[in-house]
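This report is meant for a reader who is meeting this structure for the first time. Please look over the sequence and the model before reading on.

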Amino acid sequence: MDCVFCKIVASEIPADVRYRDEEVIAFADINPVAPTHLLIIPRKHIPSLAHLPDAETPLIGHMAKIANQLANEEGIFESGYRLAISCGEQGGQEVPHLHMHLVGGRQLAPTLG
Ligand code: AMP
Ligand code: ZN
């Protein structure tokens, strides 16, 4: 499959991987918008949040848990951070493989979009 994030999962293209388990991996965003900008993605190819099967709902909780853990490792757990999932064209999703952004390390704008 010609999916850049699947290729990162398969180690076919390089990434600054910060976390791996059986369900997800996390790596640095190639174009960071803040001092901390990581992406948490499922190993399995799910095109977007809108494609998440009901049976996979716990995956989102797991991704949020790993985001909290990474925020702690990044030293931004206390200062605050934002988790974001873009979904679909008007949601601004560019890579069609479900991913959660973890952004922090500076004061973020109060609004989204
Ligand atoms: P979104 O707009 O929510 O689909 O976010 C896609 C994100 O993936 C963007 O922030 C990109 O900078 C990031 N990205 C795209 N290709 C790569 C890559 N090869 N390695 C790391 N991050 C990437
Ligand atoms: Zn994929």
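## Thr36 and strand 3

In this predicted model, the side chains of Thr36 and Glu74 make a polar contact at 2.8 Å. Thr36 belongs to strand 3, which covers residues 36–42. Because its relative accessibility is 4%, under the 20% cut-off, Thr36 counts as buried.

## The surroundings of ligand 1

The largest pocket is the space taken by ligand 1. Two elements give two or more residues each to the shell around the ligand: helix 1 (4–9) and strand 2 (24–28). Of these, helix 1 gives the most, with three residues.

In total, 16 residues surround ligand 1. The closest are Asp29, Glu94, Val95, His99 and His101. Sorted by class, the shell around ligand 1 consists of eight nonpolar, six polar and two charged residues.

## Backbone atoms beside the ligand

Which residues place a backbone N or O atom beside an oxygen atom of ligand 1? Gly92 does so at 3.1 Å, Glu94 at 2.6 Å and Val95 at 3.0 Å. Ligand 1 exposes 510 Å² when taken alone, and the protein buries 84% of that area.

## Gln93 in its loop

Gln93 lies in the loop that runs between strand 4 (81–84) and strand 5 (100–104). Is Gln93 buried or exposed? Its relative accessibility is 15%, and a residue under 20% is classed as buried, so Gln93 counts as buried.

The side chain of Gln93 reaches two backbone atoms of other residues. One is the backbone nitrogen of Gly88, at 2.9 Å. The other is the backbone oxygen of Val95, also at 2.9 Å. Val95 thus appears in two settings: a backbone N or O atom of Val95 lies 3.0 Å from an oxygen atom of ligand 1, and the backbone oxygen of Val95 is reached by the side chain of Gln93.

## Tyr81 in strand 4

Strand 4, at one end of the loop that holds Gln93, is also the place of Tyr81. The relative accessibility of Tyr81 is 25%; partly exposed is the class between 20% and 50%, so Tyr81 counts as partly exposed.

Along the chain, Tyr81 and His37 are 44 residues apart. In space, their C-alpha atoms are separated by 9.8 Å.

## Ser11 after helix 1

Ser11 is found in the loop between helix 1 and strand 1 (17–20). Its phi angle is positive, at about 60 degrees, although Ser11 is not a glycine. With a relative accessibility of 52%, over the 50% cut-off, Ser11 counts as exposed for that reason.

## Met1 before helix 1

What comes before helix 1? The segment there holds Met1. Met1 has a relative accessibility of 71%, and a value over 50% means exposed, so Met1 counts as exposed.

Met1 and Glu89 are 88 residues apart in sequence. From C-alpha to C-alpha, Met1 and Glu89 are 20 Å apart in space.

Conventions. Residues are numbered from 1 along each chain as its sequence is written. Chains are lettered from A and ligands numbered from 1 in the order in which they are written. This is a predicted model: local features need pLDDT of at least 70, side-chain atom pairs count only at pLDDT 80 or more; totals for chains, interfaces and linings use all residues. Side-chain values use heavy atoms; hydrogens and water are left out. A residue is near a molecule or strand if one of its heavy atoms lies within 4 Å of it. A polar contact is a pair of N or O atoms within 3.5 Å; within protein, one must be able to donate a hydrogen and the other to accept it, and residues adjacent in sequence count only if both atoms are side-chain atoms. Accessible areas come from the Shrake-Rupley method with a 1.4 Å probe; for residues, only the protein chains shown count as cover. On a 1 Å grid over the protein atoms alone, a cavity is a set of points where a 1.4 Å probe fits but cannot get out, and a pocket is an open set with protein on both sides within 12 Å along at least five of seven lines; lining residues have an atom within 4 Å of a point. A molecule sits in a cavity or pocket if more than half of its atoms lie within 2 Å of its grid points. Helices (H or I, at least four residues) and strands (E, at least two) are DSSP runs, numbered from the N terminus. Ala, Val, Leu, Ile, Met, Phe, Trp, Tyr, Cys and Pro count as nonpolar, Asp, Glu, Lys and Arg as charged, and the others, Gly among them, as polar. Buried means under 20% relative accessible area, exposed over 50%, partly exposed in between (1.4 Å probe, protein chains only).
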